[in-house]
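Dear colleague,

I am passing on the structure we spoke about, with the sequence alongside. My notes follow below it.

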Amino acid sequence: MSFRPFVVAWKELLQLRRDRMTLAMMVALPLLQLLLFGYAINTDVRHMPTLVYDQDRSVASRDFAASLAATGFYDVVGHVGGYAEIEQALRRGQARVALVVPPHYGEKLAAGKPARLQLIVDGSDPQTVASATNTATGMALARSSELMLQRLAASGSGVAFQPLEIEPATWYNPELRTAVYVVPGLVGVILTMTMVMLTAMAVARERERGTLEQLIVSPVRPVELVVGKIAPYVIIGYVQMTIILLAGRLIFHVPFLGSLPLLYALAFVFIAANLAVGLFFSTVARTQQQAMQMSFFFLLPNILLSGFMFPFEGIPRPAQIPALALPLTHFMRIVRAIALKGGGFEDVYGELVWLVCILGILILVSSLRFRKKLL
Amino acid sequence: MSEPVIVTRGLSRHFGAFVAVRDVSLEVQKGEIFGVLGPNGAGKSTTIRMLCGILDPTSGEGRVVGFDIRREAERVKERIGYMTQRFSLYEDLTVEENLKFYAGIYGVSFGRRKKRVGEVLERTGLVGRRGQLAGTLSGGWKQRVALASATIHEPPLLFLDEPTAGVDPVSRREFWEQIHRLAHEGTTVLLTTHYMDEAERCHRLAFIFRGSVLDVGTPDEVVARRRLRGAELESDRAQESADRLRGDAEVDEVAHYGNVLRVVTRNDADPSVVIARVLTGPLAPRNVRPARVGVEDAFVSMVRTEADADASPHRAAS
């Protein structure tokens, strides 16, 4: 082993130190993304503006509206006197949900006749629909079985309990906070973004400025050059990872249950895989700008398919195959398993095997191309 | 007699059907400044790339600084310096950092590195600028840093690919002083250039055209072999006179210098005789005087002759 990789790494660090913009970006980017994703992305829909069109105006109808509001999912923003008003409010986005209580609702309930309520939901946002209808339906069901039990008890039949009950228990993220789910995954997204881009640009920059030609003529071997160029970025990757985990803990109180050393060790394979992708891009790109564009293009499927934004199981089958080839898909599972579920090595072993295989193929492809392109 | 620093036999390189370099056989001795001349695309760079060991020849063989360019390319790379017209410097590193980097890459031992960097800074007059970022230097200074980088490991052989392109005349002159000093100390220099005054400063030259070496020798030998003679004349009707002269079979080249025409004749024909024969009556020139024939004349003549030989008869007649 020669000392040339160290010389290259030393040079790369010197250049980085002078490149304030890139340095600032590498620290600011994870923080910015963290705040953005942590605060802005909210998949648990709460506080939906709700209208009430109460044609009954009885105690029973007011009672139902009040208990809807009490769930926290619906904020009653107004009472209206007709469908026209509901339509207008939904169209303007002033309300997303409307509860319609028909006349004689209270009387029917009291008389033991079936009573119907209507829930109108703005379907232009599919996530709202599911939340809004499920919650309201659940409430109505609970209310009817309650009434049924009361009536059964009154008639003296003796079955004064619910025959079947589900008691849901949510593990690992009991409050269903988005930040808890998003922050560990964000580690993977940020690493993918910066590692791929920085490597691709670092090599493209040498090509653009003509220094690569000088290096080709020198006795430095391609592998020495690659190792030396990449090493400083591995360090940067770890710094970013630490920033996200720390800030996630301080700002969003994201727990970390598993072993930190285990995550840092496995992250090395993931970082290396991304650097290899960047290296491959650098053999294709002629300029830094092209390298940047390719990196962004690569980022998109990573965000959409890796399970970061949407559950992997929800991705259509044909798209799952390319998704499995992305290093991020596997790292996403590793980081969530370790950080949120306290998983150990044996729990993430399978994903590690995937990562190592992907890394092997990437190194093979990009080093073959890198060698060929140098000459 | 020691082995030549560069020796090639029938070196050729094809790119698909295109022959970039054809059957090049050269010998360059220790301490020589060897110039390679040729129009753009003649195969100069391809030849240098093969000699540096970064491009395998399609056929033929070559030994550079005692090693086979095909099988011992790594050995060759360690013992040569290489500088291009782009002065491949890291603009965001200081002069000293650039030198240290190349010293490290070329395997100058850590203990020796500091001393070597100091020596090279001293020699190239860069001491006062050691802490300046390379990107903020002017062209002439960049060239000095590039030369300093290329010689940091004291290579016995230096390749310079158009090293003075785009550099002011004063810097060029200083650069050549450096080159001669290096050669005097035993470094062999192989360079390409488009400046003919620089070609005259080489010990020996090779003309390359369309991948083939047309002639090799000292500047005087190369010029003498073309059998050219020159004269200058003054005329008020320079354009007309030039057109008339160019139509003559014995005239190789006519060049304008204001009202002065420089005429070069072929086959040792006496230019004053040719001029007297062609320019008569109202075109009769003033002040005809002999002029020196240089490498530039030889180069232009050689390239024209080769191009004409390939071209159609129409073109040769025009």
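**A sheet in chain B, and the contact with chain A**

Please keep in mind that this is a predicted model. I begin in chain B, where strand β10 (residues 204-209) and β11(B) pair in the antiparallel sense over five bridges, and where Val213(B), in β11(B), is the bridge partner of Ile208(B).

These two strands belong to an open sheet of six strands in chain B, which runs in the order β7-β8-β9-β4-β10-β11 with mixed pairing; its edge strands, each paired on one side only, are β7 (80-84) and β11 (212-217) of chain B. On average, and with direction ignored, neighbouring strands of this sheet are turned by 15° against each other.

Two helices of chain B deserve a look here. Helix α5 (residues 139-150) of chain B packs on the sheet, where it touches β7 and β8 (157-161) of chain B, and its direction makes about 160° with that of β7(B). Helix α11 (residues 295-310) of chain B also packs on the sheet, touching β4 (33-37), β10 and β11 of chain B, with a direction that makes about 25° with that of β10(B).

Between the chains, 17 residues of chain A are in contact with 19 residues of chain B. On the chain A side, α1 (4-18) and α8 (211-217) each supply at least two residues, and the largest share, six residues, comes from α1(A). The residues of this side of chain A divide into seven nonpolar, five polar and five charged.

Lastly, the domain assignment of chain A gives domain 1 (20-41 + 177-374) and domain 2 (48-155), whose centres, taken over C-alpha atoms, are separated by 48 Å.

With best wishes

Note on methods. Residues numbered from 1 in each chain as written. Chains lettered and ligands numbered in written order. Predicted model: local features only at pLDDT ≥ 70, side-chain atom pairs only at ≥ 80, totals over all residues. Domains from an automatic or database assignment. Pairing = 2+ DSSP bridges. Helix = DSSP H or I, 4+ residues; strand = E, 2+ residues; numbered from the N terminus. Axes fitted to C-alpha atoms, helices over the stretch in contact; angles between N-to-C directions. Contact = placed C-beta atoms within 7 Å. Nonpolar A, V, L, I, M, F, W, Y, C, P; charged D, E, K, R; others polar.
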